[in-house]
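Open the model in your viewer and keep the sequence panel beside it. The stops below can be followed in order, one selection at a time.

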Amino acid sequence: MSLIDGRTGAWEIVIGLEVHAQVISEAKLFSGAPTAFGAEPNTQVSLVDAAMPGMLPVINAHCIAQAVRTGLGLDAEINRVSVFDRKNYFYADLPQGYQISQYKQPIVGRGTIAIELPSGETRSIGITRLHLEQDAGKSLHDQHPSLTYVDLNRSGVALMEIVSEPDIRSADEAAAYLGKLRSILRYLGTCDGNMEEGSLRCDVNLSVRRPGGALGTRCEIKNVNSIRFVRQAIEYEARRQVEVIENGGTIEQETRLFDSAKGVTRSMRSKEHAHDYRYFPDPDLLPLKLAEDFIETIRRTLPELPDAKKRRFVSAFGLGAYDADVLVAEKETAAYFEAVVDARDGTPRRDPKIAANWVTGELFGRLNEARLDIARSPVAAPALGGLIALIADGTISGRIAKDVFALMFETGKDAAAIVAERGLKQVTDTAAIEAEIDKVLAANADKLAEYRSGKDKLFGFFVGQVMKATQGKANPGAVNDILRKKLAG
Amino acid sequence: MAVDKDTVTRIARLARIQVPDADRAPLAAELSNILGWIEQLGEVDTEGVAPLASVVDMKLRWRADAVDDGFIPDKVLANAPDHHDGFFAVPKVVE
Amino acid sequence: MTTLTDLTIAEARDGLARGAFSAVELAEAHIAAIEKARALNAFITETPARARADAAASDARRRAGTPGPLDGIPLAIKDLFCTEGVLTTAASRILDGFRPTYESTITAQLHAAGGVMMGKTNLDEFAMGSSNETSHYGPVENPWRRTGDNRPLVPGGSSGGSAAAVAGRLALGATGTDTGGSIRQPAAFCGIVGIKPTYGRCSRWGIVAFASSLDQAGPMTRSVRDAAIMLGAMSGFDAKDSTSADMPVPDFEAALTGDIRGLRVGIPKEYQVDGMSAEIRNLWDDGIAWMKAAGAIPVEVSLPHTRYALPTYYIIAPAEASSNLARYDGVRYGLRVDGETLDQMYENTRGAGFGREVRRRILIGTYVLSAGYYDAYYIKAQRVRALIARDFTEAFKSVDLLLTPTAPSDAFAQGDKSNDPIAMYLNDVFTVPASLAGLPAMSVPAGLSSAGLPLGLHLIGRAFDEETVLRAAGVLERAAGFTARPASRD
Ligand SMILES: [Mg+2]
Ligand SMILES: [Zn+2]
């Protein structure tokens, strides 16, 4: 918990998040039109999505399965009976004049998400509910001086609205919650988590109170569409509310917009008429009933989720908590790491700690520089595994390996091919190393004399000279042993 | 439940129906009359009765997740009172 | 060939099969009749060119030897069914100029069965009404006149145009839709047969929605056999309607055996409402006697919540309608009346586009769903609706069918009830309970009132048991021997 220092004392921030996550599906929630992003306007639209007279909704089975899968992933109750309601309001991009949503009886009930804070502390945030609903279309206000343009491509796309309990106490916690939720959804394959394309959108409910005191009046900040903006919006809004109260004002319950250009929240003009959504069960649909075997089939195909994976990386692979967190955050990273380690029947083929260092060190560094994500890494996981194997069996040294990795990243070739083609195989032949050492000692008679007169520190100098002469290929252990003997005379 | 003129104004606003001022009072009287007649439902003992959820005993049918619709922008826009560049057009909205 | 318009569907089917006349001749006879009867205002849109094309295609199919069950039969389509490329209005100004780019499932099925579309019939605006006086396209006249009184009468509603078209010999059959009695009451007022099948029997896809949990399409014809034939073509599972029943469609015509021996016919005592006229009471008694004479067993039953059906209906139907009609907003189709802002455009469009009764029902529906009233009105009504449905379930434990009058009176004059909404609503007192319970129900012409106007008897069956309803209706039809014809046709 991080408190705000006000003029009149400390304030606690109370936050609940409503996240709208677009369900990964081919077709929309109640029609057979596609869900693809970025298409020409009004092309991904059926007559149902455009709310033509007499059109009727028919529910997409996969979207139901995705909601159940997400519910199971959040350790939540799956409601065997849920109901689709109409939420009635008028807006240009809401063709039916209502949104089909779930109000009193959502498909998923209470669950939890564990979050890790920068301090290393872990907290559990309650999930109130998850329900299925339709997305609206898109209004474009900047295409024409006096008109708003409406594109219905998104109209009817399935969303999961995931509502948290007001358990969040800081911008850090909100960011951790959102990051963790995104990670879980992506592991489950139920939402791609792409905040830029709007696949994951966040509304922030925020109020302030005296620490542990009675809840204050909350404001809802709509559509805060990146984790960074969520932080900014929370910090701004919490300060604003404290100032209003400390200046003798009161907070009015309202909907606010986050202006990402200015970093401020502002009241929405449309609040002038209070909403009265007149929810009632959609008479075009019957109650949604889920059979036990439907739920169990989904439960059996749940993947290992980030928390469980992290525990396994720590316990079975001996990784530190920090490395494990970094590796499990994105499912693609975790999958890559596991492919490098190649632990068939639980026995790692490569040393997990070394693999973790390579992935979070060299690989991340190179990917960052090249602005690539791990899915498009020029070095595939088995290739990095192959490189680590060459180090382990003494074919190349760790130093040479970094050069080999750089070449792999540039050329896409595998480690063994590069080592062979460039003659980078480690020299372990002691006679050849001895010969090189003799040459170095002969060329540096003065340094040899100094060493022998007690200047031990020059040992490193000789190692360096030998490695340089052998272009790094000499086995460092052998160099050390032989050099020590020769220097002793 | 008597409906007054302000209530007519409020619900007409919710329903986005322009009702001329002169019509509001008479409409309030009409609606009050109808709602008064409806109120006889109060006599019925519905203690423990679940609201009807579906008229006939049916199971909600599920559709497969397949794209079999869309790609008909001409049909979607065919009857639009105003459209530009493939978009429906409405008076400018200021948020 | 004036007699062509007097045929039943079954007779026309046989005549076409025998080659006694062609589909084109049949269509031409009806096109001529429609032109002559424009004073009835039964049609909003006549489609003679389409009828001629459909008929020619039908004759070609027949020559090829592959006619469908309704091949060449002239049909009128209630203008609540969306028809591709043909103006579809729901009798509302708000759908000005709307030409659907799609065809409703039912009209597509009728077309596939060989039906010939004569035009789109008038109705109460958005099917809200019992007299066909709320249409933006003007009222429909009942082809019948009172004896010795030439005042125009209402055809009933909302399927008043369809009823007038069939009674007036402008089509051999018509589609109707029934939300609280909109097929059965106009059928009774116009002296024809109308059946509202079980909710879920006929697809709602492509029919302009009024109240989704109640709306059900059905045929309106001049005989019970015709109703059976046409219902067969209209019925069936539709994957595009989540409330469509995935059940086989029986051979309804085959159900007309005429044998109702041993059938237990319930006579609900609560349908003897206050002020029921003697002639309606007598008609009902006749019906009971006819059934008994045919070997059925009349049984008095109780449906204790009957009197609450109308107020329940007048919460649920407007509530659903207020939401269903939100899509008429001037953005994607139909009327737009400009405004400075989006909200003003909505208010102007909807204010100008909806007529008085529609506006009244949207406001009632909005009110009963609004914050603070939802539980008291909407939820209460859904609880009472559950009790009404339970009444029927209980009754059907001891009987196979229910017999009641269709409407509390004969057809009334235009303007008589249009200023008293509740008096108008009371027209549906006998038809609304079956609608609330989703049960199949049918009106059969059974006699004439003292004013010489048709009166109907009403049969209500178990869910998905249209066969028993049709079989009993056939028996009533034969016993009643209803042969009277509308005055305007004499
Ligand atoms: Mg929200
Ligand atoms: Zn939502």
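How many residues lie between β10(C) and β11(C) in their hairpin? Select both strands in this predicted model and look at the turn: five residues lie between them, and Gly452(C) in that turn has a positive phi of about 80°.

**Stop 1: the partners of β11(C)**

Stay with the hairpin and colour strand β10, residues 441–448 of chain C. Seven bridges join β10 to β11(C), and the two run antiparallel. To find a matching pair, select Pro445(C), which stands opposite Gly456(C) in β11(C).

Now add strand β9, residues 401–405 of chain C. This strand also runs antiparallel to β11(C), joined to it by five bridges. Here the pair to pick is Thr404(C), with His458(C) of β11(C) opposite.

**Stop 2: the two faces of β11(C)**

Hide the partners and show the side chains of strand β11, residues 454–461 of chain C. Pro454(C), Gly456(C), His458(C) and Ile460(C) point one way. Leu455(C), Leu457(C), Leu459(C) and Gly461(C) point the other way. Are these residues buried or exposed? Those on both sides are buried, and the count for the strand is eight of eight.

**Stop 3: a serine in helix α3**

Move to helix α3 of chain C, residues 48–64, and select Ser58(C). Ser58(C) counts as buried because its relative accessible area is 0%, and the cut-off for buried is under 20%. Leaving aside residues up to four places away in sequence, Ser58(C) touches Ala23(C), Asp71(C) and Gly72(C).

**Stop 4: where chain A meets chain C**

Show chains A and C together. Across this interface, 31 residues of chain A are in contact with 40 residues of chain C. The area buried between the two chains is about 2800 Å², and carbon and sulfur atoms give 58% of that area. On the chain A side, select Pro53(A), Leu56(A) and Phe90(A): these lose the most area to chain C, together 22% of what that side buries.

Next, find the charged pair. One salt bridge is counted between chain A and chain C; the side chains of Asp284(A) and Arg204(C) meet in a salt bridge at 3.1 Å, N to O. There are also 18 residue pairs in polar contact between these chains.

Finish by colouring β5 (85–88) and β16 (280–281) of chain A, each of which supplies at least two residues of the side that touches chain C. By class, that side of chain A has 21 nonpolar, five polar and five charged residues.

Conventions:
Residues are numbered from 1 along each chain as its sequence is written. Chains are lettered from A and ligands numbered from 1 in the order in which they are written. This is a predicted model: local features need pLDDT of at least 70, side-chain atom pairs count only at pLDDT 80 or more; totals for chains, interfaces and linings use all residues. Side-chain values use heavy atoms; hydrogens and water are left out. Helices (H or I, at least four residues) and strands (E, at least two) are DSSP runs, numbered from the N terminus. Buried means under 20% relative accessible area, exposed over 50%, partly exposed in between (1.4 Å probe, protein chains only). Contact means heavy atoms within 4.5 Å. Two strands pair if DSSP finds at least two bridges between them. Buried area is the accessible area (1.4 Å probe) that two parts lose on being put together, summed over both. A salt bridge is a side-chain nitrogen of Lys or Arg within 4 Å of a carboxyl oxygen of Asp or Glu. A polar contact is a pair of N or O atoms within 3.5 Å; within protein, one must be able to donate a hydrogen and the other to accept it, and residues adjacent in sequence count only if both atoms are side-chain atoms. Ala, Val, Leu, Ile, Met, Phe, Trp, Tyr, Cys and Pro count as nonpolar, Asp, Glu, Lys and Arg as charged, and the others, Gly among them, as polar.
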